[in-house]
Amino acid sequence: MKVYRDQDAHLEVLQGKRIAVIGYGNQGRAQALNLRDSGLDVIIGNREDEYRERASDDGFEVLPIAVAATQAEIVMLLIPDEVMSDVLRDQIVPSLSEGDALVFASGYTLAFGQVTVPDYVDIVLLAPRMIGAGVRDKYVAGTGFPSFTAVHQDRSGQARSLVLALAKGIGSTRFGVVEVSFAQEAELDLFTEQCFGPAFGQVLTTSVDLLVELGYPPEAVLLELYMSGELSYTMAKIAEMGLVEQSQLHSTTSQYGSMTRGMRFILPELRQRMQHGLDDIRSGRFAEEWAAEQTAGCPTLEMLRESARSLPLYRLEQQLRHALRGEPIPEELLEATEAPPAAPTDEAKVASEEALRSRPAAPAAPRGMLSRFLASLRGLLAPAPAAAPSGALSRRQLEHVLQRFCALASQDPALQAFSHGRRFTSHYVLGDAGLDFYMRFADGAVESALGVPVPAAEVRLETTSDVLDGMLSGRLNAMRAAMSGRLQFKGEAKVAMSQQQVQADLVRVYSQARGEVVGTDA
Ligand code: NAI
């Protein structure tokens, strides 16, 4: 195990060399300030925008990118990865001389073949494991922060000592620096974002779902799980002491309980899913998909952001934040975001979904801010009242509704418009009813029928009759159903998400079919 520290790095390696920091955003500003405070010769290369002003205000000489790159021997690339390829090709590579050094802060673009680099310069990586603000704060505090370094091309024969010297200049060797490859840095970073983070997020949201459904006060649930800050404090202790050692900070009850019960959460499937996620990353499939998404103007990303903001949990968190700061809760946070529910057929089965569906606080005379907050919070999360009318569909009714839905959907102009330029099939499998139906979108046509599609669909959604009926009636949120395990999805995620664009039209058509077959009260 090798960790480079201050004594392994020497700033003298950088003597007589000018450093051009290209970009003055999160990392650019922090690294430039740290390098300058370490006594190094730093200029900034930036396009005409507000970051340029900021660098000027901080007392740096700021030049156009190509000019800065020409004047420096070391060029640090601190611009977003999405623009790296064009900026590098057009403004930086033509300005480089034999023996210069190009320094990346992320391995992504090089590892996934998105940039072309010249063979006559050093190519190194200095990737802080810290956001920009932390890079600066921890330098000023004198504690430092970890970084990964890599040497992709050692033209000068000094590339390793050069990148270690830069790591020292930004304050990282004070904490510790580890050498990896460009690909390893990029893959580890993406794994954390795509596997570890989402798995952890699922643990949190599943816990909220379950506890609120069982009647614990929502504000207590959010505080207990993460909004108290105890979790982040514990994470800081884990970073400082290690996962095993920090357990001593907890009571013996806690230690015994978590270690004995912890065994129940050793799930082989978790590892398999992580492996699958990593395969996507390492094969380059993710990078390819993300590049295409950017070229298309990020429609899926926008849709996902919108979906996340529409989750009741988002509003709850905002409300709790206002309440904890002693601020009044803005009206828009108290308004309902989804239509009032028609009751589920089997309340026990869909309790969790109902519990998390948005419902407005009951109108009331002006009250104290806290009680108003708590009432609205409980209103948002409360299970549907037992007196709500039942909307149960028998298997036979559901079959008729779906037949009518398929007929209407095939003729629907909005769904046909969505189908233009697309070609995919969604296959719905209702295990409890033994029913299958599918919708095929193909170049302007919509084909929808009961039965199993041939050829096989790109998207397969497995659920139960009541969950499907709830989703297509607009009562249940598909994302929440998926998150709580009552809707299993297989196939192409991007394709499945695109169908969200016509969710309102699907609800309209289904509601019409349902109304015609069983009447509006069923
Ligand atoms: P950022 O988004 O803060 O970068 C802003 C800078 O990029 C500004 O100076 C802006 O003028 C410039 N810029 C934006 N678009 C441009 C364009 N089309 N042409 C020329 N300049 C343009 O970037 P951030 O977050 O600092 O990331 C920089 C690098 O550091 C990336 O490679 C990133 O992966 C890496 N990194 C970022 C971390 C973070 O905490 N944000 C952590 C570790 C690495």
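In this predicted model, a good place to start is the side chain of Asn46, where an N or O atom sits 2.7 Å from an oxygen atom of the ligand. The protein buries 80% of the 830 Å² that the ligand exposes when taken alone. From that site, this briefing moves to a pair of strands and then to helix H9.

**Contacts with the ligand**

- The ligand is surrounded by 22 residues, and the closest are Tyr24, Gln27, Asn46, Asp49 and Asp81.
- Asp49 offers a side-chain N or O atom at 2.6 Å from an oxygen atom of the ligand.
- Gln27 takes part through its backbone: a polar backbone atom of this residue is 2.8 Å from a ligand oxygen atom.

**What the shell is made of**

- Two elements, helix H1 (26-37) and helix H4 (81-92), each give two or more residues to the shell around the ligand.
- Of the elements, H4 gives the most to this shell, with three residues.
- Sorted by class, the shell around the ligand holds 12 nonpolar residues, seven polar ones and three charged ones.

**Strands E1 and E2**

- Strand E1 (residues 18-22) runs parallel to E2 in their pairing, which spans five bridges.
- Two facing pairs help you find your way along these strands: Ile19 is opposite Val42 in E2, and Val21 is opposite Ile44 in E2.
- E1 is largely enclosed by the rest of the structure, because four of its five residues are buried; for this count, buried means under 20% relative accessible area.
- E2 (residues 41-45) is mostly covered too, with four of its five residues buried.
- If you look along either strand, keep in mind that side chains in a regular strand alternate between the two faces of the sheet.

**Helix H9 and the residue after it**

- Helix H9 covers residues 218-227, and its buried residues are Pro218, Glu219, Val221, Leu222, Tyr226 and Met227.
- These buried residues lie on the same side of H9, because the arc they cover around the axis is only 155 degrees.
- Gly229, just after H9, adopts a positive phi of about 90 degrees.

**To keep in view**

- For the ligand, the side chains of Asn46 and Asp49 and the backbone of Gln27 are the polar partners described here.
- For the strands, the parallel pairing of E1 and E2 is the feature to look up in the viewer.
- For H9, turn the helix until you find the side that carries its buried residues.

Key: Residues are numbered from 1 along each chain as its sequence is written. This is a predicted model: local features need pLDDT of at least 70, side-chain atom pairs count only at pLDDT 80 or more; totals for chains, interfaces and linings use all residues. Side-chain values use heavy atoms; hydrogens and water are left out. Buried means under 20% relative accessible area, exposed over 50%, partly exposed in between (1.4 Å probe, protein chains only). The arc is that of the directions from the helix axis to the C-beta atoms. A residue is near a molecule or strand if one of its heavy atoms lies within 4 Å of it. A polar contact is a pair of N or O atoms within 3.5 Å; within protein, one must be able to donate a hydrogen and the other to accept it, and residues adjacent in sequence count only if both atoms are side-chain atoms. Accessible areas come from the Shrake-Rupley method with a 1.4 Å probe; for residues, only the protein chains shown count as cover. Ala, Val, Leu, Ile, Met, Phe, Trp, Tyr, Cys and Pro count as nonpolar, Asp, Glu, Lys and Arg as charged, and the others, Gly among them, as polar. Two strands pair if DSSP finds at least two bridges between them.
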